Amino acid sequence: MTRLNDLALSAYGRPLADLSNQQACSMLQDLVKERSAALAPTAGKRRLYYISAEFLLGKLLTNNLINLGLYEDVKAQLEDAGLSLSEVEECEVEPSLGNGGLGRLAACFLDSIATLGLPGDGIGLNYHFGLFRQKFVQNQQLALPDAWLGEEDVLVGGREAFQVPFADFTVTSKLYTIDVLGYGRKTKNRLRLFDLVGVDDTLVPHDSIEFDKREVRRNLTLFLYPDDSDEDGRLLRVYQQYFMVSNAAQLILAEAVERGSNLHDLADYAVVQINDTHPTMVIPELIRLLEEEHDMAFDEAVNIVSRMVAYTNHTILAEALEKWPLAFIERVSPQIAAIIRKLDARIAKNYDDPAVQIIQDGVVHMAHLAIHYGISVNGVAALHTKILEESELSSFYRIYPEKFNNKTNGITFRRWVMGCNPPLAHLLDTTLGSEWRTTGDLTGLLDHADDQDVLSALADVKADAKGRMRAFMLENQGAHIPEDAIIDVQVKRIHEYKRQQMLALYIIWKYLDIKNGNVPPRPITIVFGGKAAPAYTIAQDIIHLILTLSTWIANDPDVAPHLQVLMVENYNVTAAEHLIPAADISEQISLASKEASGTSNMKFMLNGAVTLCTLDGANVEIADLVGEGNIYTFGASSEEVERLYAEGSYDARSYYRRPGIKLLVDFMTNPHFIAMGSAERLRRLHDDVAGKDWFMALLDLEEYIQVKEAVYRDFEDRGAWARKELVNIAHAGTFSSDRTIAQYNGDIWHLG
Ligand code: OAK
């Protein structure tokens, strides 16, 4: 392996020990670039294109060093020179190309596709300011532009790529590449990120994410998910989507031809996975290109494209199922609108069920387009797929049962244990041998479930992770976490269905209980993290409630020593890598039926946290694997919830009136508390929870409180808890994204 000292001398004229962390970071990034440049792209006739509006990559240095097999050596050489890899890595800026679960899943998938040696690339956009950077000011979320693109770009290239024809003008794209390395592989894949020639960063001020949404020729790739609360914003999203898929389609065709396709056999050369509906217009765009630029007959083009596109659904929330007015698509690309009309007419001719039409009342249902003209529809956890088949998409399931399949999500072990929790990876190596790193099989741990040496080593691993997390929280936002605190974590986008508000109500209950003299045996630290969409008022209100509670409790000397509430500012992949290994309790408390899968549940489990959950998404599969006693479940079942919605019979007020619940909800608006925060926000949230509570937090609240108390009690039996931790880790192998990707390939992609 390269002597880093020699590298340092030639790059900076100084020995390694004299480099700043920043210099060491740049030097290692260059080393990785050089090594990956030498790798050949994964070969194969049929190539996968994973198109996604988001790729939530996280920092890349450690992950790349792990995949190149350099990690241990680099770490040791740095240590010998008095440097620390984790401090060096802090200098790396995290790319801001994603928002939540779907984006992080795409990043895990790229890692696994490369690791399995499959030929497959990601395609997305190079957003200059990403989603947004979250700051807390006066206990409220402030959304700032996240100018992540700096001098130390992880991006390579930037060559002019394609012309994208919009109705009134044509733009040119630039193509950037991030190499995607597989674990222990000699080949690489790529993430292809398209940008706009002429994009103008100066449209965005430093202190806000407001910008002129109509300046499409200059703003197209500035932000991920531009605010769609007005028509200009919605139109901009359609422009962005068309820009993304037109580039994707042109790239796919060019590469297929390069590999020898005559385009009549295109489906043998390319398969496209569309990550939720954002890339759906790739279907009409591929058809348009085959027709207009390659003289193919419409029917043949439709036939070919319908054999090479597969769709993944990531949510059943109605507001996230994209529907665009045909008139918008017409304004962006009349050719695409015309093709969608023709595709719709074929469906209308064959099926009279209104539920399966593509265009309804002038609105295009993107998912319907993807289902009719694709080979596969998949959900992301068993329960989610069942709900798609039996209710949300049942009309389609009746027509095309063979297209439906489940692919339970997964996470890459390279990032979510080897990268973020090296002491745990080491313990797994010494206990099981290192095969788990490639097989993902951790079940051998079960043989050690009563082995005191392993259990105590596991306790040391957790203590170590807590130390790193405490240092991170101190550095990040000056928070002091007690050394012996139980760490209870809910990190994910802020959304009513995920029910952060329910955990906030528990906190109020616990606060009052401690005030009444019931002091817990050890301090409890409850940590939240997550961003709220800037236009989503109630989600902003929930953040405000959490932050106000945090301040309120910290200021109460009776309670502060026993209960602490923290919210991580600007929760991102890096923060997740610090929090998840340290967690004792994983909060997965969505209203049953609403969380498609969840993936943090898998990351927590892999790192030995015990799950406290509703039977929603992949929690159901976790519960089946670990068995009773190793997980805590509560709340209404998805069937009950679906029934309540169908009957319209959930009455928040009847729960609110219960004295025990009223006390907690009304705490939000008690005069002392409200004086500390924004009366407008707290009243609005109060009234929403007491009067509407669309995601039924009050329905499950009493049972949640009871079960949570049981969890904290059980935590005190340290021996029994360590065993639960071990059992959870032992069963986490099922959730390796290598398993998920092998299934996608076996059932849908058939690459090679
Ligand atoms: C984002 C935008 C539109 C539609 C869905 C999403 C999204 O992030 N969904 C999440 O996808 C994850 C990966 O499949 C799931 O684990 C989450 O449950 C789901 O909310």
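This report covers the ligand site, the cysteines and the aromatic pairs of a predicted model.

## Ligand shell

The ligand is surrounded by 16 residues. The closest are His314, Asn409, Glu595, Ser597 and Gly598. Sorted by class, the shell holds six nonpolar, eight polar and two charged residues.

Two domains contribute to this shell. Domain 2 spans 39-58 + 94-409 + 740-748, and domain 3 spans 484-728. Both give residues to the shell, so the ligand lies between them.

## Polar contacts and cover

Oxygen atoms of the ligand meet N or O atoms from both side chain and backbone. From the side chain of Asn409, an N or O atom is 2.8 Å from a ligand oxygen. Ser597 uses its backbone: an N or O atom there lies 3.0 Å from an oxygen of the ligand. Ala596 also offers a backbone N or O atom, 3.3 Å from a ligand oxygen.

On its own, the ligand has 450 Å² of accessible area. The protein covers 88% of that.

## Cysteines

A disulfide is a covalent bond between the sulfur atoms of two cysteines. This structure holds zero of them.

Take Cys25. Its closest cysteine sulfur belongs to Cys91, at 5.3 Å. That is too far for a bond, because a disulfide needs the two sulfur atoms within 2.5 Å. Seen from the other side, Cys91 is in no disulfide, and its nearest cysteine sulfur is that of Cys25.

How does the accessibility of each read, buried or partly exposed? Cys25 has 0% relative accessibility, so it counts as buried, being under 20%. Cys91 has 24% and therefore counts as partly exposed.

## Aromatic pairs

The model has 25 aromatic pairs. One of them joins Phe715 and Trp721. Their ring centres are 5.0 Å apart. Their planes stand at 70°, so the pair is edge-to-face; the cut-off for that class is over 60 degrees.

Both partners are buried. Phe715 has 1% relative accessibility and so falls in the buried class. Trp721, at 0%, also counts as buried.

Which residues form an aromatic cluster? Tyr506, Trp509, Phe634, Tyr704 and Tyr712 form one.

Note on methods:
Residues numbered from 1 in each chain as written. Predicted model: local features only at pLDDT ≥ 70, side-chain atom pairs only at ≥ 80, totals over all residues. Heavy atoms only, no water. Near = heavy atom within 4 Å. Polar contact = N/O pair within 3.5 Å; in protein donor to acceptor, adjacent residues only side chain to side chain. Areas by Shrake-Rupley, 256 points an atom, 1.4 Å probe, with all protein chains shown as cover. Nonpolar A, V, L, I, M, F, W, Y, C, P; charged D, E, K, R; others polar. Domains from an automatic or database assignment. Buried < 20%, exposed > 50% of the residue type's maximum accessible area, 1.4 Å probe, protein only. Phe/Tyr/Trp six-rings, centres within 6.5 Å; stacked < 30°, edge-to-face > 60°.
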